Amino acid sequence: MQEFTLELHEIKIMTTLLFITGNSNKLKEIASLLPSFITLKSLKDIGFMEEIEENEDTIEGNSMLKVLAVKNIYKGMCFAEDTGLEIEALAGEPGVRSARYAGEGKCNQDNINLVLSKMKGILNRNAQFKTVLTFFDGEKNIQFEGLCKGSILEVQRGDYGFGYDSIFIPNGSTLSFAEMDLPQKNVFSHRKKAFSSFIDYFQKTKISDFSL
Ligand code: IMP
């Protein structure tokens, strides 16, 4: 009986998932969260070199479109995620436009500068990061959400991380995301929460698939 259980565990260890992202920072963060029975494949590994245009008007939609973009050439299990920073006083901006908030061709620092200038003098600094992870299990798409609530700093702090990390401080922390190393960020992270829900689901459903 015990041997049988171990065999199922071995099957779990063999799982390879395609992670649909062109963002090396996200790849690093997700790789740091992987349980031992999952290995990742990248878009490069399957020879997919096209740019995926993120033109939906919700984070959920953009997360889904990345999965749909590879469907014609990849039939295996895969997942993608989309993340945005939602600021209460800016009616949820930059939200789905987080990557291009300051306009096409502008850099990350331009996006941060725009947020800081729009937030100048505003007392309500409440904000949240929202990640939506879409998993294609070979038949259907399932979405998982992760939220991290916090506030927007008045000046940038820290050198780690990427994106808006240097202006965001999660609730319950005295450090900005950019002042944390990866394990510290993972204690609070939206991406970690979405990914953990996905892994819970994956373990439950895939183990029962193998048990049938
Ligand atoms: P996307 O999910 O690649 O479209 O990400 C949109 C933008 O959100 C990125 O370009 C980053 O600027 C920002 N972003 C995504 N995840 C994070 C994060 O964990 N910390 C800070 N900024 C992030």
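Student: Leaving aside its neighbours within four places in sequence, which residues is Asp82 in contact with?
Tutor: Good place to start, and keep in mind that this is a predicted model. Asp82 sits in strand β3, and a contact here means heavy atoms within 4.5 Å. With neighbours up to four places away set aside, the partners of Asp82 are Lys26, Glu54, Ile59, Asn62, Ser63, Lys66, Lys130, Thr131 and Val132.

Student: Is Asp82 buried or exposed?
Tutor: Let's use the cut-off: a residue is called buried when its relative accessible area is under 20%. For Asp82 that area is 4%, so Asp82 is buried.

Student: Which residue's side chain makes a polar contact with the side chain of Asp82?
Tutor: A polar contact needs N or O atoms within 3.5 Å of each other. For Asp82 the distance in its side-chain pair is 3.0 Å, and the partner is Lys66.

Student: How far is an N or O atom in the side chain of Asp82 from an oxygen atom of the ligand?
Tutor: Asp82 belongs to strand β3, and β3 is one of the elements that supply at least two residues of the shell around the ligand. From a side-chain N or O atom of Asp82 to a ligand oxygen atom, the distance is 3.1 Å.

Student: Which element gives the largest share of the shell around the ligand?
Tutor: Both β3 and α6 supply at least two residues each. The largest share is three residues, and these come from β3.

Student: Which residues come nearest to the ligand?
Tutor: There are 17 residues around the ligand. For one of the nearest, Lys26, a polar side-chain atom lies 2.4 Å from a ligand oxygen atom. The full set of nearest residues is Lys26, Thr83, Asp165, Lys185 and Arg191.

Student: What percentage of the ligand's exposed area does the protein bury?
Tutor: Picture the ligand in its place first: the space it takes is the largest pocket. Among its polar neighbours is His190, with a side-chain N or O atom 2.9 Å from a ligand oxygen atom. Taken alone, the ligand exposes 480 Å², and the part of this that the protein buries is 91%.

Student: Why is Arg191 called buried?
Tutor: Arg191 has its place in helix α6, residues 190-211. Beyond its close sequence neighbours, Arg191 touches several residues, including Glu29, Leu33, Glu81 and Phe162. It is called buried because its relative accessible area is 2%.

Student: Which elements do the buried residues of α3 pack against?
Tutor: Helix α3 spans residues 59-70. Its buried residues include Ile59, Asn62, Ser63 and Lys66, and these four are also among the contacts of Asp82. The elements that the buried residues of α3 pack against are β1, α2, β3, β4 and β5.

Student: Is Glu56 buried, partly exposed or exposed?
Tutor: Glu56 lies in the loop between β2 and α3, and it touches Gly61, Asn62, Leu65 and Val96 beyond its close sequence neighbours. Buried means under 20% and exposed means over 50%. The relative accessible area of Glu56 is 39%, so Glu56 is partly exposed.

Student: What distance separates the C-alpha atoms of Gly76 and Gly138?
Tutor: Gly76 lies in the loop between α3 and β3 and counts as partly exposed at 25% relative accessibility. Along the chain, Gly76 and Gly138 are 62 residues apart, yet their C-alpha atoms are separated by 5.6 Å.

Technical notes:
Residues are numbered from 1 along each chain as its sequence is written. This is a predicted model: local features need pLDDT of at least 70, side-chain atom pairs count only at pLDDT 80 or more; totals for chains, interfaces and linings use all residues. Side-chain values use heavy atoms; hydrogens and water are left out. Helices (H or I, at least four residues) and strands (E, at least two) are DSSP runs, numbered from the N terminus. Buried means under 20% relative accessible area, exposed over 50%, partly exposed in between (1.4 Å probe, protein chains only). A residue is near a molecule or strand if one of its heavy atoms lies within 4 Å of it. A polar contact is a pair of N or O atoms within 3.5 Å; within protein, one must be able to donate a hydrogen and the other to accept it, and residues adjacent in sequence count only if both atoms are side-chain atoms. Accessible areas come from the Shrake-Rupley method with a 1.4 Å probe; for residues, only the protein chains shown count as cover. On a 1 Å grid over the protein atoms alone, a cavity is a set of points where a 1.4 Å probe fits but cannot get out, and a pocket is an open set with protein on both sides within 12 Å along at least five of seven lines; lining residues have an atom within 4 Å of a point. A molecule sits in a cavity or pocket if more than half of its atoms lie within 2 Å of its grid points.
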